Amino acid sequence: MVSSGMKRRDLLTLIGTMAGSAVMYQAATSMGLAAETTYKGPIKLDGNAKGASILILGAGVAGLVAAIELRKAGYKVQVLEYREKAGGRSWSLRGGDTYTELGGFKQTVGFDKGLYVNPGPWRIPYHHRAVLDYCHRYGVALEPFNQVNYNAYLHSAKAYGGKPQRFREIQADYHGHVAELLAKLTGQKALDGTVSKEDQEKLLESLRAWGGLDKNYAYTASLDSSNVRGYEKAPGGGVGGAPVPSTPASLTDVMQGGLWRYLGMGLRDEFQSTIFQPVGGMDQFPAALAREVKDLIRFNTKVTEIHQDDHGVTVTYTDTVKGGAPQTAKADWCLCTIPLSVLGQIKLNVGAKMANAISAVPYEAAAKVGLQFKRRFWEQDEAIYGGISFTDLPIAMIGYPNSGYGSPGKGVLLGTYVFGTYAMEFTALPPEERVKRALAYGAQIHPQYAKEFDNGVAVGWHRVPWTLGCHASWTEETRAAHYQDLCQVDGRIALAGEHASYITGWQEGAILSSLDAITRLHQRVVAA
Amino acid sequence: MTIRKTFAVKAAGLTALLTALYAIAGATLPHPAHAQASDASSAAFASPRHFGQKDGAALYQAICQGCHMPDAKGATGAGTYPALAGNANLEAAGYPVAMVLHGQRAMPPIGEFLDDDQVAAVVNYVRTHFGNHYSDTVTVADVKAAR
């Protein structure tokens, strides 16, 4: 055990110093600290970099983290970035911003001051230790992101007459009926021989508490069930203070209604509490990283060729603002974080294995729509503070702002966040049509939409000029055939990004991939 | 295959997983409630797992123009979506059929979201519009064989 005079972290640091990070990781795991992550704490690139130079392609979070760490380790670092600013897909849209997507469709965001939408990543789970560590180290203020809101809605156009249901009621009714059924089976001795008598007694006790069952182990209109699903008339004060129980939906309605499908998402590891968001927009995270290395980044730079030989790497690029003849940048090594959807089109002399891997991974379609309303009616009228409503309409969900609660002014909702065929159809529409669709569908859940709408902005990820898609879409087959080939250092070139991780679509995957790639590159440099 | 592939989609793609679950549960019929939000093509936004449009022009407008653009001239950013207008690669009909079904690099495979007749319709449309004049027709059997 850890002695009382020493904090666990101190001991871990001591173990790490004395025995190396692998032992530290084992120790951390045995203390229950690190089992949910492969992040080993701040990277240590020990050994002499011998003045080596490196070109980093892309100033998203993978490239930024690499730039920070490699400069610290003694490398001469240059970063080339296609966009006019750092962050890549880690991006926020605010009032006054303009966004021109592929095809030249231009939108000017009309949100009020302080309001924003994150077209890309919007959540940081507590176990994304690498992202959180960099947030903490570089001063990114965080606030809670509500994934599960019991008072938000679950909705299907085909269930409950199309009327949105509160998450709380659907979950209570699903749990309640399951608990009652299991209690009945227990009472009918169906579990005898499988479950001991003592365990059956505990099971019944737990089912009653978990399911909100009455004293007869039935899920009925009672104070027991209302204590979970909410009341017809809530407990109050004074002469009219007595509560009136609500009436649960029938087992058939619960099962056939299908809204139970949405109950599992928040139970998954990725979406369990606590989840964070940077205060003021997700782009505050890459902006903080970029402040550390802003002198190293060349913006508005489109890479057209990556060439390596025995002596180094030469990257050819054009300036997307100034134009002019192609220019070149040279270094001993190259870390390429360009999305595969783009990299697959860039001339690159790597071996067949890496080339095939680059070509094998398509990118997901995704669409998001941000909608500004004249007032925060979801709070004022419906007591929904943050979190997400889910629907089987093509908008898939409505995300409520997780900050600014009770503000008297305007508010911005995430009015669509969808993948698959619906995302492709949203992307194929002009931006203003996407907003109209999001409004028409969302009004089926919030009728206030029609009266309160102010303005909106819509992003279809296949039209985002710097990625041509949302995130890498691996299958079991393509992982087996190509993933390791993608992650190997090829000569003087290594790839990094969410596409080179098993946490695709998350910034954590991008950072873990980047740290792994620069560790292996650095080993080569030190050994050379 | 389809289901397993969807389950391999991680993270932000969990929404895709959820929408896939509706399909597994058989809820793939168009929603009557969508009518109020639909344009002239009531087949738009028919299902989270399958496109509802039948004719080539409607399919092009619902899917292809997201990247290849309404005028089929493509677009260029950090990478490029090639023009389909006047594209000599369309001469061999098997090429666009394979691209639609299986994808290649930045082009995602969309065969799982389309019936054979829809693939044939959209390929025939592209090969006879936007300055393309290929008179041989792709059949449903051609598509089936290419899956």
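The following paragraphs describe the fold of chain A, a set of its local features, and the organisation of chain B in a predicted model.

The predicted model scores an ipTM of 0.90 and a pTM of 0.89. For chain B the pLDDT averages 81, and 71% of the residues score at least 70. Within chain B, residues 1-40 have a pLDDT below 50, although in the model this stretch has 78 contacts beyond near neighbours in sequence.

Chain A contains 17 helices and 25 strands. Its radius of gyration is 27 Å, close to the 24 Å given by the globule rule for 528 residues, so chain A is as compact as a globular protein of that length. The C-alpha trace of chain A spans about 85 × 60 × 45 Å along its principal axes. Of the 528 residues in chain A, 51% are buried, and among its contacts between residues at least 6 apart in sequence, 68% join residues at least 24 apart. The chain is divided into domain 1 (1-35), domain 2 (37-86 + 287-361 + 473-527), domain 3 (93-151 + 273-282 + 364-463) and domain 4 (167-256). Between the C-alpha centres of domain 2 and domain 4 of chain A there is a distance of 54 Å.

Helix H5 of chain A, formed by residues 167-187, has 21 residues and reaches 30 Å from its first C-alpha to its last, which is close to the 30 Å expected at 1.5 Å a residue. Buried positions in H5(A) include A:Phe167, A:Glu169, A:Ile170, A:Gln171, A:Ala172 and A:Asp173, and further along the helix they include A:His175, A:Gly176, A:His177, A:Ala179, A:Glu180 and A:Ala183. The cover over the buried residues of H5(A) includes two strands of chain A, E9 (153-155) and E10 (165-166), together with helices H6 (197-211), H7 (223-229) and H8 (251-257) of chain A. Just after H5(A), A:Lys189 adopts a positive phi of about 65 degrees.

Elsewhere in chain A, 4 strands form an open sheet of mixed pairing, in the order E17-E16-E15-E19. Its edge strands are E17 (323-331) and E19 (347-348) of chain A, each of which pairs on one side only. Strands of a sheet pair through backbone hydrogen bonds, in either a parallel or an antiparallel manner. In this sheet, strand E15 of chain A (residues 301-308) and E19(A) run parallel and are joined by 2 bridges, and A:Glu305 stands opposite A:Lys347 in E19(A).

The loop between strand E14 (297-298) and E15 of chain A holds A:Asn300, a residue other than glycine whose phi is nevertheless positive, near 50 degrees. A:Asn300 counts as partly exposed because it has 16 C-beta neighbours inside 10 Å, a number that falls short of the 20 required for a buried residue but exceeds the 12 at which a residue would still count as exposed. A further backbone feature of chain A is the cis peptide bond from A:Ser273 to A:Thr274, with omega near 5 degrees; A:Thr274 is found in the loop between H8 and strand E13 (275-278) of chain A.

A:Val489 lies in the loop between helix H16 (476-487) and strand E25 (493-495) of chain A, and with 16 C-beta neighbours inside 10 Å this residue is likewise classed as partly exposed. Leaving aside neighbours within four places in sequence, A:Val489 is in contact with A:Ala494, A:Arg520, A:Leu521 and A:Arg524. By C-alpha positions, A:Val489 and A:Gln272 are 35 Å apart in space, with a separation of 217 residues in sequence.

The secondary structure of chain B comprises 6 helices and 2 strands, arranged along the sequence in the pattern α-α-α-β-β-α-α-α. Buried residues account for 44% of the 147 residues in chain B, and of the contacts in this chain with a separation of 6 or more, 46% involve residues 24 or more positions apart. B:Met69 occupies the loop between helix H3 (56-68) and strand E1 (75-76) of chain B, and its phi is near 80 degrees, a positive value in a residue other than glycine. B:Met69 is buried, because 21 other C-beta atoms lie within 10 Å.

Notes
Residues numbered from 1 in each chain as written. Chains lettered and ligands numbered in written order. Predicted model: local features only at pLDDT ≥ 70, side-chain atom pairs only at ≥ 80, totals over all residues. pLDDT = per-residue confidence, 0-100. Contact = placed C-beta atoms within 7 Å. Expected span 1.5 Å × (residues − 1). Domains from an automatic or database assignment. Rg over C-alpha atoms; globule rule 2.2 N^0.38 Å. Pairing = 2+ DSSP bridges.
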